[in-house]
Every structure is written in C-alpha cells, then in structure tokens.
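Student: I should like to learn how to read the features of a structure such as this one. Where should we begin?

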Amino acid sequence: MRGLRGIGMLGGFVAVLGGGLALAQTKPPAQGAPQPVPQPGSKFAPSPAPSPATPPLPDKFANPPVIPPPVPPRAQAPGPTPGPGPAQPTDKFGTQPPATTAPAPPAAAPVPPNEPAALGQLRALLGPGVGLTYRSATVADTATGAVRLTDAELRHPDGQRIAAGEMLVDRPRPDGIAGLTASTVTVTGTEGKVTAIGRAELRDLTVARPAPGETLRPDQLSLGLLRLEALAVQGDRPVAIAEVMVQDYRPGGPGRASLAGIDVLVPEGGGVGDRVKVGRIALEGVDLPGTFAALAEKEAPPRPPGAYNAAVEGVTVTQGGTPVGSLGALRITGALDQSGPDTGRITLEGLRVEPFPMIALWLQRLGYQALTGDFSVETRMDQAAGRLELVGMLLGVRDAGALGLSLTLEGVAPDGATQDRFQAARLAGFALRYLDQSLLQRLAAAEARQSRRPERQVRDGWASQAAGAMGGGIGAVAPVLSAVQRLLRGQAQEVTITAQPPKPVPIAELSGAAAGGAEEVQRVLGITATAR
C-alpha cells in the first residue's frame, strides 16, 4: 500500500534525527554548537466454524483529523501570527487537492539568546543542515534538563518538515536522545504529501555515525520505543492507523513491532475492493534493523535469533460499502534451533469470501452464499541433514471439502537463493488426501442441469476422463485409477494417494518421468492409492 510510505520506516522523527546526524558527518559543526562525541484434532474433520467477526472500527475517513498549517520559521518568541485555515487530509470520497512541491528551505535562523542547554545538544544531534525553530522553550524538569517547546518545527535541507504543536525533549546528546514526545504533529514530504500524527513518543534512541559520504543504514539505529498514534496519510491511497509501535529495535536482537486500526482507501479500479481494514498486525522475535537493512540491499534477511511469531488479525475488504471478503487471522510461528531442526507453522483462520461480481454467478450455480474455510501448513527443516519435511498442509472449505498434503525432500541446501537451495533436492515421498464434503456433488448437479443429463452420466464421464489421463489404467496404475474413479462416481468420500520411491528422486528428473506416461510415473515414484 503506497500510502504507508508516508509514515516512513520508523516514523518521521527517526528519519529526520538520523538523517541530520548523517548529514553532520560531511559538514563542520555549526558555530558555537557542541562538538560531536563518538495440530489440534483430525486434519480431515469438518472445518470449524469461522471466527467471530471483529468489532467494526470507527470510520476515520468520515471525520478526518485536522492537519494544522506549517509553522513559519522563527528564532525568537514573537506574538501569535494568523495563518491559513487548516488543511484537511485527502478524503477518498471527496475531491483530492493536488500535491504541491515543498518550498525551498529558508536561510538558517539565528539561535535565540539564553536557549536552554538541552536544545544545543539537540542541534548537535540534528546537524548543521537541519533547522530547529519554535515559538517558546521552557525547562520542564530542572533535574534532567528536559525542555518543552511550543509550535516547534524541524526542517531538513531536502525540504522535509516536521511541525509539532508541543514537543518535550529529554536529555539529547550528539549520538541520540533519551526521550522525545510530541503532539499535533505534521510531517511534510519533499513532494508536499502530508502525514498527520496525533501523538508521537520516542525513547532511548542511539544513532551510530556512518562513514563520511555514506548513507545512514537501518541497522545503524537503535531505540527502545517508538509509538505513533492517530496517523492520517494523504495520497492516492489515503491511510489511517490508530497506532504504530516499535519496541527493542536493536541490531542483532529480537524486536517487536505492531500496527493497530489500519484503514486504507483504494482508488476506483484498484482491485476487487475499494477499502481494506485490518484490526492488528504484529511481529515479534525478529532482528528488525538487520531485516530492514537486508531488504534495502535486496539481500536475504538474517535468521531470527530464536522463536518468532507474526499475526494479522481482523481483515475486512469492502467494495462500495458491500463486504467482499474477510479473514479472522493469519498467524505465523516458528523457532530456529542451532542444535536441531527449525520448525514453522502458518494458519489462516476464518477466511470468508463473499459473492462479489467476479465469482457471484459461480457461487450461485453451486448453491453457496459465501465460501468460508481455514488453511494451515507446518514444516520442519534439518539444516545439517538438508532434510525438509512438510509435516502437513491442509485447506478446508466448509460444505465443500478438505485437501491435505505432506512430503519430504532431501538434499536441500541450508543457505542461498530459493532456486539454488532446491537445485539438488530429491523427493523422498509424499501423501495427498482429499475428503469430499459435497463439492463434487454440487459440481455434478450443476453440470447435469446445464447439459440436461442425469448426474450419474456426468460422474461416469468424469471417470472416463480420469482413465484417459492415466493411460487407461494399465498394469500398476490400475489400483490408482480405481481409487480415483470411486471418488468421482460418488462411491467414496476420501481418496489418499501416496508416493514411496525405492530411492529419493531428484526433482530435476520428475519432468522426464512424467513424459513417460502414468505407468512410468508410478514406477519411479511407487505411487499407490486408497479410497473409502
């Protein structure tokens, strides 16, 4: 979602603070500034009922937050100056104002006399290229030297601006800051796009100095907490987020990140839906700085230092206010063990697809009001042995059927690009199962109505097509064909196809076996089948 780019990887504050510090490496300090210091249950039981619907979130676009006008730069504390009326964030349902190019930064304002010492440290952190102006500055805590600013603005040389109605600066230093909170914040990008933030909080930020001429990398930042509340991002896809939180963002260590109350408006023609809401997205146990740095360089992210989990909850998609689909939750869990196999599990809970125009006729033909189901996959990877097991994959659709798969691969490389890791892989075996829970009966009935034939004749036609696909079911293929035909004729509800090769088969040789026909595939893979 392009609108999310307006938020930045760690928010506007971190970007400007870090960018200012990087800029300071190639220019001398400002005059007088301080010098820098260096499986439950059976897989094939009927699918469970869908998860309860997530309570609806308030509509952030019906009553968009007000974005105050930028604060004009000033060095001292003049009286209040009237400004233009407040601008509103882009409303998907209204006329969007054109983006304007941010004005060129003005000449640096002089440092006000008797400025609190903490602001001198903050200016050293920002670097000489980033301007700091404010209406008033008062010491809020004499013990720590924390300073409260009103109508503060940070201006980057490239035109980016951060304005805050109130800002509390706590113990800044040349390489970081102990804490910073701000309210009524606006972040204006170089192209004029505005992001409004109701409240921002930053704790325990440290920035490692990049070498002269180098760009600040995501893994050169470290922070204890970043919290952004009530975000509203302008753009062709307006975005509103109730809360963004990042904790323990430290290179090499497990961090946590979450977003709550996400609401995105999509332009007309952007897909099957024009609005997407997500209750919550969370990630825990991942090296966030290392991952962002790897993605920036288009490299593989580092392995998580231990157990990790991720979740996406309460997803709804609508088109013109009409539900298109929803998802109760997507959950990912895993653990990387240096002395044993790595394990992982992915589940989709309460997946529901409504009869939107592209599939409404098909659903009506089969007698479905909607499709609801669940999906899960569990894996185990022994890095030392190069053995990957798909312990179980199950897709279940209520009142339709359930499809399950398990397989084992050997010779999988522990590292490298995906295509390289599986280049020498060998198939040691697999099991494929399908349990019919009325899907085939619905398909047969629909085809019978359309062709004006009896359902039995339709099913016999399916069985004949299966025989043709398997070369007539000659020799060792006959038992496999028999099991499949029993399912197609409605004489069985479940079929299981297994492969137990005499020896593991290189993946690269499977296409050659398939070219030899069904009997050759059966011989190479040792395929058997049962139906019941």
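Tutor: We begin with a definition: a residue is buried under 20% relative accessible area, exposed over 50%, and partly exposed in between. Please keep in mind that this is a predicted model.

Student: Is Phe292 buried, exposed or partly exposed, and why?

Tutor: Phe292 has a relative accessibility of 26%, so it counts as partly exposed. Tyr249, by contrast, has a relative accessible area of 0% and is therefore buried.

Student: How many aromatic pairs does a search of the whole structure find?

Tutor: The search finds one aromatic pair. Its members are Tyr249 and Phe292, with 6.3 Å from centre to centre and 25 degrees between the planes. Planes under 30 degrees apart count as stacked, and this pair is stacked.

Student: Which parts does the pair tie together?

Tutor: Tyr249 belongs to strand E8 (residues 239-249) and Phe292 to helix H3 (residues 288-296), so the pair links parts that are 43 residues apart in sequence.

Student: What lies over the face of Tyr368?

Tutor: Arg442 does, at 4.1 Å from the ring centre.

Student: How is empty space found, and how much lies in the largest pocket?

Tutor: Rolling a probe the size of a water molecule over the atoms reveals where space remains empty. Here, the largest pocket holds about 960 Å³. It is lined by 33 residues, and those closest to its centre are Arg303, Tyr308, Leu336, Gln383 and Arg421. Elements giving two or more residues to this lining include strand E11 (307-319) and helix H5 (418-421).

Student: Which classes of residue make up the lining?

Tutor: The lining has 18 nonpolar, eight polar and seven charged residues.

Definitions and conventions. Residues numbered from 1 in each chain as written. Predicted model: local features only at pLDDT ≥ 70, side-chain atom pairs only at ≥ 80, totals over all residues. Heavy atoms only, no water. 1 Å grid on protein atoms, 1.4 Å probe; cavity = no way out; pocket = protein on both sides within 12 Å on 5 of 7 lines; lining within 4 Å. Points joined across faces, edges and corners; volume = space filled by probe spheres on them. Helix = DSSP H or I, 4+ residues; strand = E, 2+ residues; numbered from the N terminus. Nonpolar A, V, L, I, M, F, W, Y, C, P; charged D, E, K, R; others polar. Phe/Tyr/Trp six-rings, centres within 6.5 Å; stacked < 30°, edge-to-face > 60°. Buried < 20%, exposed > 50% of the residue type's maximum accessible area, 1.4 Å probe, protein only. Lys NZ or Arg CZ within 6 Å of the ring centre and 35° of its normal.
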